[in-house]
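Work through the exercises below with the coordinates open. Try each task before reading its solution.

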Amino acid sequence: MSAGGSIAERLRGQHVLVTGVTGFVGEALLHLMLSEVPGVRVTLLVRPKGSTPGTARIAKLLEKPIFAGCVEAAGGVEALMAARVAVLEGDLAAAPELPKGLDAVVHCAGDVSFDPPVDDGFRTNVVGTRELLARVREAGENIHYVHISTAYVAGRRRGSIPEGPVARAGDLEAELAWGLAQRQAIEDRSRGTDVLVAERKKAEREHSRAGALTAAAATEAARKAWVKDELVQAGAERARSLGWTDCYTFTKALGERVVEEHARTARASIVRPSIIESSLERPYPGWIEGFKMAEPLILAYGRGELPEFPAAADTIVDIVPIDHVVSAIVAVLAHPPEVGEAAYFHISSGERQPLTFHRLYVNMRAYFDKHPFKAGDQGATRLPEWRFPGAHAVERVLSTGERAYKVADYLVSHAPRSDRARELARKLELQRRRLEFLRRYLDIYAEYTQAELRFHDAHTLELYRSLSSEDQQTFAFDTAVIDWDVYLRDIHCPAVTEPIRKLDELRAARRRTATSGLKAVPQDKAAVAAFFDMDGTLLSSNVIETYLWVRLRELSGSQRVAELGRIASKVPSLVQAERRERSAFLRTVYREYEGARRDTLDEIADEHLSDHVLSRLSPAAVRRIRQHRDAGHRTVLITGAIRPLTRPLLPLFDHIEAAELAVDDRGVCTGYLSSSPLVGESRAAWMHSYAAEHGIDMAASFGYADSHSDLPLLAAVGNPVAVRPDVTLYRHARKAHWKIVDWQSSSSSSRTLDLAGGRS
Amino acid sequence: MSRPGFVLEVDDRTPPLLVHQGLGFRLEDSFPLGTRVVYPPESISCVPDVEEAIRDALLHPLGMDPLPELLFAGMKLTIAFDDISLPLPTMRAPDIRARIIEQVLTMAADAGVDDVELIGANALHRRMTPAELKHIVGERVFRSFFPQGKLYNHDAEDRDNLAHLGLTEKGEDIEINKRAAESDLLVYVNVNLVAMDGGHKSVPIGLASYASLKHHHNAHTMVQSRSFMDHKHSAMHQSAWRMGAVVRDAVKIFQIETTLDNNVFPKPYDFMMKREWEWSVKDQATMLGMRRGLSLAPAKVKHKLFHDLRSVYGLTGVNAGEVEAVHTKTLEKVHEQHLVEVQGQSDVLVMGVPYLGPYNVNSSMNPILATCMGLGYYFNSYLDQPVVRKGGAVILYHPLNEGFNQLHHPSYVDFYEEVLAESTDPAVVGAKYEQQFADDPWYRHLYRTSHAYHGVHPFYMWYWAAHAMDHVDDVIWVGGDRRVAARLGFRAATTLSDALEMASSTVGTSPSITYLHNPPHLLAHVR
């Protein structure tokens, strides 16, 4: 590694292939080479994304502001690409043939997630590297291969880490074969009875009211989630059993082993940056793309959501700015090693300019004290004070929180429907997200926060010192120059928080202009239908079914008190039945009609029921129905109630689908229905057949309902609206971004069985 | 002999004064010194024998032959009567209308008349329930006529049962109930609670259709009705009188008008009709108990307490015969009972809106009705000129929190949510939305089959207040819900002092103030 010529001179006329240029490191590297190494031609291996070819992706990339200077100098994106930037379309999983005459290859691509599913980790970090190296060997003899790895391939080792190969553990081929096979294996296991039975039972407990298909869909979704989870778990566990922190560092280390094999017959350098964060100077201080490792922490702290941190105050957090990383890569590129052994370079700060968690915290706090996040219009967020009590204490707090959440969740899910229950559900949801966030980051970072690693960087430093003083200026990568206080307060934190602040502003603006309630119904669309549920949606009570038979007994002159007593004694079982399954509830109620004449029912309905129903109608609901009618939509009422009960609503609907009481030849009710009541999934099925019959576009249609059992009704249309939903539906609606409205009617404050039926 | 109404000037000896405020009342102790308080006259003397007085009126009508001579076998007789919007509060049974109808029917039976129908003249008001009809006509009449379908509500949307009687000289359509129009004799039984009622307002308005009503029930006419409690200066009444002249040629009307005394609050609530400084210990105890009870009671209980009140009115007069002759007599009695002389206008007019108005009997006083009650009925309770000067301020007491009765006032909710959200100008909303609400099939369906006010009715309520809105510059609701007041285009204040503070930008810091101490009803004759 003798000095001799500047970097630009050494690289003049060279042709370099770069992978992963759409990532953070790749983009910075491309920028550095285009702006500071004028003699280099690059070819970029880019995967098409969707229907966008690689060329278009690069053209788009070059339109970013940081490339403006290079683009201008070249006279436009196309000119720049024609002169210096070639694109090789292809995927690492099946790397295409490389162009002839390459001098070097920089492999930046990789899976940067810490917890990838195990097969993904192996595929990108091991198979991808192996494939690429095979192509490199095919492309020519003397190509310098630069591999971007990570300092954390050291895994769970402690103390000083040399710039050399990772101590061997495990058999590369065996691990690779195992890793790639895991998806199939876990998929198979997920279809076994032990997983399926457990998931099905859980789904049925939750969704039985909505119907079997809904429960089945939930089971399948849960199975898929289980597979993903299990794949992640498998990778993490295997990594730990071999001494690595997680699947990421494990597969990265195995990737290095592939490179080491290649290095026996070719030139290869391995660059191992530690935690890469925003740039110190180039292209401008604080340049960062996307979220890296430390940002979620900084943001969560600024939002007051990270009450404590599981690290020790004096543990070193090894951060390097991106511009140091890419400068080092370019320097490495210009100084290829000898064939036979890979050259290693740590790009880290811990050895010579250590940053402790405590210092990170102090600077973060100082920054947010000065520039707090505004939580809505409630002023600055209160910042937590970290005392670094140790991982165990933090874990204890977190698991207490999780247990409390479970209890609260159970209570809210079983609470009667009310505004308060919904509000609690909303707050709990927020709490759950916070807990999940904390749990995830605690689990991921736990390893790193414990890692008392010191990465040697003598080799890197030696390279740096061999550069001319101009090059040392242009390609700065001596991390000793970083002043952490300045970097964190004035460069990194502002850079990281800027997009969030913009987003907050946008959200606040949206909140200000947000109109509560629903958008006006579309006027210009034909073939639209609006499907309405009745009880609880249009009417305040959900026990309209009970009204008629109470009246019936009353009018027949039987002893009212005794009758009311008998009914009251049935209430608990009715409530039980309603909780379990809607149709069972309805059947229990309809048994009471046995022996009544249907004519009498119609008469009572007309004479007494109209007032009862009309006075309980929600005005907003009626307005909405009428708006649909005015817009020329079909209005449809779907109810499990029997037809006589829907008579007062007849003029509002084009079609009413109600239950029919079975009568014998004398016109006397048998106490049974002539067909099953339309509840749960049968509603969706009915809606689809109705839509087919009348040429209705379900995607443009509307659905309005209030309870969990109506999930299929709502899911069947393109515009679902949850009306004063119960907690389960409320949660679902929020998750699915359905509209939620609060259609009140005058006597909706209680949801009790109104046995007397509003006598006036 | 009862004492006439009078105007009190608040001085440092004046006790806190009772102000009605929806389902409750306030004892207001912060009326500035010098505030004029207008008290209605106490109840005037009643007829000694009600049955005899009725009989006498029927046998000695004004400008017409005695009723028995107008009745003959084989004739078509229709008896129309005022609906439950009169009197307020509802009269304790027996209702005066029942007693009159009984005598009319007895005479008809004596004459061998067997084609008799009874029609509630509810115009665009809600259909009365059977129980309400029964209360008005009495148990016996109800039993004999209702099951046969001979006792029913007028249906202003029943095209087959409306008769177009022509146009007035100003081109106004006259369309009334067909059965009434085609009868050999139409007997109209009214309760002339206030000066606005009766006369040609009975048949041409009570039995009319929307097509006919729209000629006088509109923003323009109402602004020109100064006041509508004074039929000679009311554009609405002038229109009704023009129609009456045409109707008179087509239909023989035997008008029976009754006048009541001011006995609106039954014991033990009669303290509300007394002058505060004359409250007995018992009155004070009742007042304190009621105040405490109301502050604790839930809205439903308060609603029931007030709406279950039935008044023990005394009959001060009954006159029958030709409409205008009868009405002249009637107004004499009404004025005797309600008129109070007030010298000159003031800058601020204060009124307490009570729990009840004509359109929320057995229902709720929604914000639109409260507005109509305050800025419509009470504001217009004047002769000659308004109590408040042009450009003055009106301060009303009502919480505006009762909400809407979805059974009775479905179109009101939409009027409030959609129309008032856009504009509160009576002329603007009328021009843009009235027709749409009037023709709405759902409202029409509810009006005809359920117990809903006609779709157009909330507009009428708003027109009722048009004269006041045009006349004053500031309307402030004491104790009113702020958001509701804002929707109505007004402001809300917590106390009278705050309201006066707010009004000071309109009327200055030491305005002259007049408080109309009603109910009981009063009619301020402002000189």
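Domain bounds here come from an automatic or database domain assignment. The model itself is predicted.

**Exercise 1. Which domains does the assignment give for chain A, and how do domain 2 and domain 3 of chain A touch?**

Solution.
- Start with the bounds. Domain 1 of chain A covers 1-169 + 242-274 + 318-351 + 456-482. Domain 2 of chain A is 291-312 + 355-450 + 485-513, and domain 3 of chain A is 529-741.
- Count the contact residues. Domain 2 of chain A brings eight and domain 3 of chain A brings six.
- Find the elements on the domain 2 side. Helix 14 (391-414) and helix 15 (419-450) of chain A each give two or more residues. Helix 15 of chain A gives the most, with four residues.
- Sort that side by class. There are four nonpolar, one polar and three charged residues.

**Exercise 2. Describe the side of chain A that touches chain B.**

Solution.
- The contact pairs 12 residues of chain A with 12 residues of chain B.
- On the chain A side, helix 22 (598-614) and helix 23 (619-630) are the elements that give two or more residues.
- By class, this side of chain A holds five nonpolar, four polar and three charged residues.

**Exercise 3. Locate the two domains of chain B and analyse their contact.**

Solution.
- Domain 1 of chain B is 6-43 + 338-526, and domain 2 of chain B is 50-260.
- Their C-alpha centres are 28 Å apart.
- Domain 1 of chain B supplies 31 residues to the contact, and domain 2 of chain B supplies 27.
- On the domain 1 side, the elements giving two or more residues include strand 15 (382-383), helix 16 (426-439) and helix 17 (441-449) of chain B. Helix 18 (457-464) and helix 19 (466-471) of chain B are also among them.
- This side has 18 nonpolar, 10 polar and three charged residues.

**Exercise 4. In what order do the strands of the three-stranded open sheet of chain B run, and which are its edge strands?**

Solution.
- The order is 13-20-15, with parallel pairing.
- Strand 13 (339-342) and strand 15 of chain B are the edges, since each pairs on one side only.
- Check the bridges. Strand 13 and strand 20 of chain B share four bridges. Strand 15 of chain B is joined to strand 20 (residues 523-526) of chain B by two.
- Pick out facing residues. Glu341(B) is opposite His525(B), and Tyr382(B) is opposite Ala524(B).
- Now read the faces of strand 13 of chain B. Val340(B) and Val342(B) make up the covered face, while Leu339(B) and Glu341(B) make up the uncovered one.

**Exercise 5. Does the length of helix 3 of chain B come out as expected or unexpected?**

Solution.
- Helix 3 of chain B (residues 96-110) has 15 residues.
- At 1.5 Å a residue, the expected span is 21 Å.
- The end C-alpha atoms are 22 Å apart, so the two values agree.
- Next, look at burial. Buried residues of this helix include Ile96(B), Arg97(B), Ile100(B), Val104(B) and Met107(B).
- Finally, inspect the flanks. Pro94(B) sits in the loop between strand 5 (76-81) and helix 3 of chain B. The bond from Ala93(B) to Pro94(B) is cis, with omega about 0°. Just after the helix, Gly112(B) has a positive phi of about 80°.

**Exercise 6. Compare the backbone settings of Arg724(A) and Asp384(B).**

Solution.
- Recall the background. Most residues other than glycine have a negative phi.
- Arg724(A) has a positive phi near 35°. Asp384(B) has a positive phi near 75°.
- Place them. Arg724(A) is in the loop between strand 18 (719-723) and helix 26 (727-735) of chain A. Asp384(B) is in the loop between strand 15 and strand 16 (388-397) of chain B.
- Apply the burial cut-off: 20 or more other C-beta atoms within 10 Å means buried. Arg724(A) has 24, so Arg724(A) is buried. Asp384(B) has 14, and is partly exposed.

**Exercise 7. Which residues touch the most other members of the largest nonpolar core?**

Solution.
- This core has 227 residues, and Val394(B), Ile395(B) and Ile476(B) touch the most other members.
- Follow one of them. Among the residues that Val394(B) touches are Leu349(B), Phe379(B), Ala468(B) and Val472(B).
- A second, separate core has 124 residues, including Ile58(A) and Trp244(A).

Technical notes
Residues are numbered from 1 along each chain as its sequence is written. Chains are lettered from A and ligands numbered from 1 in the order in which they are written. This is a predicted model: local features need pLDDT of at least 70, side-chain atom pairs count only at pLDDT 80 or more; totals for chains, interfaces and linings use all residues. The expected span of a helix is 1.5 Å times one less than its number of residues. A residue is buried if 20 or more other C-beta atoms lie within 10 Å of its own, exposed if 12 or fewer, and partly exposed in between; C-beta atoms are placed from the backbone. A nonpolar core is a set of buried Ala, Val, Leu, Ile, Met, Phe, Trp, Tyr and Cys residues joined through C-beta atoms within 7 Å. Two residues are in contact if their C-beta atoms, placed from the backbone, lie within 7 Å. Ala, Val, Leu, Ile, Met, Phe, Trp, Tyr, Cys and Pro count as nonpolar, Asp, Glu, Lys and Arg as charged, and the others, Gly among them, as polar. Lists of a residue's contacts leave out its neighbours within four places in sequence.
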